[in-house]
Amino acid sequence: MAAFQSSFASLSMGSNTFLGQRLSPSFYLPVVDKSTEQPSSIVAKLKRWERKECKPNSLPVIHKMHVQLGDTVKVISGRDKGKIGEVARIIKHNSTIVIKDINLKTKHVKSKEEGEQGQIVKIEAPIHSSNVMLYSKEQNVVSRVGHKALEDGKRVRYLIKTGEIIDSAENWKKVVKEKEKSTELVAAA
C-alpha cells in the first residue's frame, strides 16, 4: 500500500503536463460555418417508413381534397372497387378518408377486465382520397369535381359530367344532423 501511495505522490499535476492543462472550447465543439450550409427541407416523422413534407413550423403540409364529409363516393381502385358509400371521416394530414361499411378490416381486441372475453371486431379502415370519385345517386354516374360561383357569389362544387351541385345548404344540414344523432346515441350507450 505504501508503494502505491508513493507512486501517486510522484505524479504531479502541474500546468506543464497534459493532465493538468485546461482544454480550449474549440476542442469540445467543432466550429461550423453557417454561410456554407444548404437549407434543408424539414421532415415530420409520422411513421418509421413514411416521411412527410412539412412547413417551416413543423406542421405537415395539408393537401386539399376533392371530397368532403357526407359526400357519396364510389371506390375506383383496390379490393373494394365498385362499392358506393358515404364519407364518414376525413384525415387531412395524409389525404385519406373513411367510408361507411367499406374497406372493413378485422381487429382482435383483448379483454379489458378479468372474466371478460376478447372479441373480433370489424372496423372501417381509411382509403386514400385519390382512390375514390364522387358519385351521383340520381344519374348513377361517377364524375370529377368542378368549382363555380353562383349568381349570389357563393362558390360551390359540382359534378362535371352531370352539372349537379354537391354543396347545397340542405345537404350540409342533413350531414350535421346525422352526425349529432350518432354522437347522442354513443353518449347514451
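The protein chain has a mean pLDDT of 78, and 68% of its residues reach 70 or more, pLDDT being the predictor's confidence in each residue, from 0 to 100. This is a predicted model, in which local features need pLDDT of at least 70 and side-chain atom pairs count only at pLDDT 80 or more, while totals for chains, interfaces and linings use all residues. Residues are numbered from 1 along each chain as its sequence is written, and side-chain values use heavy atoms, with hydrogens and water left out.

The protein chain has 3 helices and 12 strands; helices (H or I, at least four residues) and strands (E, at least two) are DSSP runs, numbered from the N terminus. Among these elements, β3 has the highest mean pLDDT, at 96, and helix α2 (residues 25-28) has the lowest, at 48. Over residues 25-29 pLDDT stays under 50, and the model has 1 contact beyond four places in sequence for them, where contact means heavy atoms within 4.5 Å. Where pLDDT is low, the predicted coordinates should not be read in detail.

Two totals help to describe the chain as a whole. Of its 189 residues, 19% count as buried (buried means under 20% relative accessible area, exposed over 50%, partly exposed in between, with a 1.4 Å probe and protein chains only). Among contacts with a separation of 6 or more, 39% come from residues 24 or more positions apart.

The strands can now be placed in a sheet. An open sheet of 6 strands has the order β8-β5-β4-β3-β9-β10, and the pairing is antiparallel. The edges are taken by β8 (127-128) and β10 (141-143), each with a single partner strand, so one side of each is left without a neighbour in the sheet. Two strands pair if DSSP finds at least two bridges between them. In a regular strand the side chains alternate between the two faces of the sheet.

Strand β3 (residues 72-75) is joined to strand β4 (residues 84-91) by 3 bridges, and the two run antiparallel. Along this pair, Thr 72 stands opposite Glu 86 in β4, and Lys 74 faces Ile 84 of β4. Strand β3 also pairs with strand β9 (residues 132-136), again in the antiparallel sense and over 3 bridges. Here Val 75 has Val 132 of β9 opposite it.

Strand β4 is linked in turn to strand β5 (residues 96-99) by 4 bridges, in an antiparallel arrangement. One bridge pairs Ile 91 with Thr 96 in β5. Together β4 and β5 form a hairpin with 4 residues between them, and Ser 95 in the turn has a positive phi of about 55 degrees. Ser 95 counts as buried because its relative accessibility is 8%. Its contacts, leaving aside neighbours within four places in sequence, are with His 63, Met 65, Ile 127, His 128 and Ser 129.

Further along the chain, the loop between β5 and β6 (104-109) holds Asp 101, and Asn 103 is found in that loop between β5 and β6 too. Asp 101 has a positive phi of about 60 degrees although it is not a glycine, and Asn 103, also a residue other than glycine, has a positive phi near 60 degrees. Are these residues buried or exposed? Asp 101 counts as exposed because its relative accessibility is 61%, whereas Asn 103, at 12%, counts as buried.

Arg 144 lies in the loop between β10 and β11 (145-149). With a relative accessible area of 64%, Arg 144 is exposed. Not counting residues up to four places away in sequence, Arg 144 touches Met 133, Tyr 158, Leu 159 and Ile 160. From Arg 144 to Ile 160 the distance is 5.8 Å, C-alpha to C-alpha, with 16 residues separating them in sequence.

Finally, there is a pocket to consider. Rolling a probe the size of a water molecule over the atoms shows where empty space is left. On a 1 Å grid over the protein atoms alone, where a cavity is a set of points where a 1.4 Å probe fits but cannot get out, a pocket is an open set with protein on both sides within 12 Å along at least five of seven lines, and lining residues have an atom within 4 Å of a point. The second largest pocket has a volume of about 260 Å³, a volume being the space filled by probe spheres set on the points, with grid points joined across faces, edges and corners. Its lining includes Ile 62, His 63, Met 65, Lys 92, His 147 and Arg 157.
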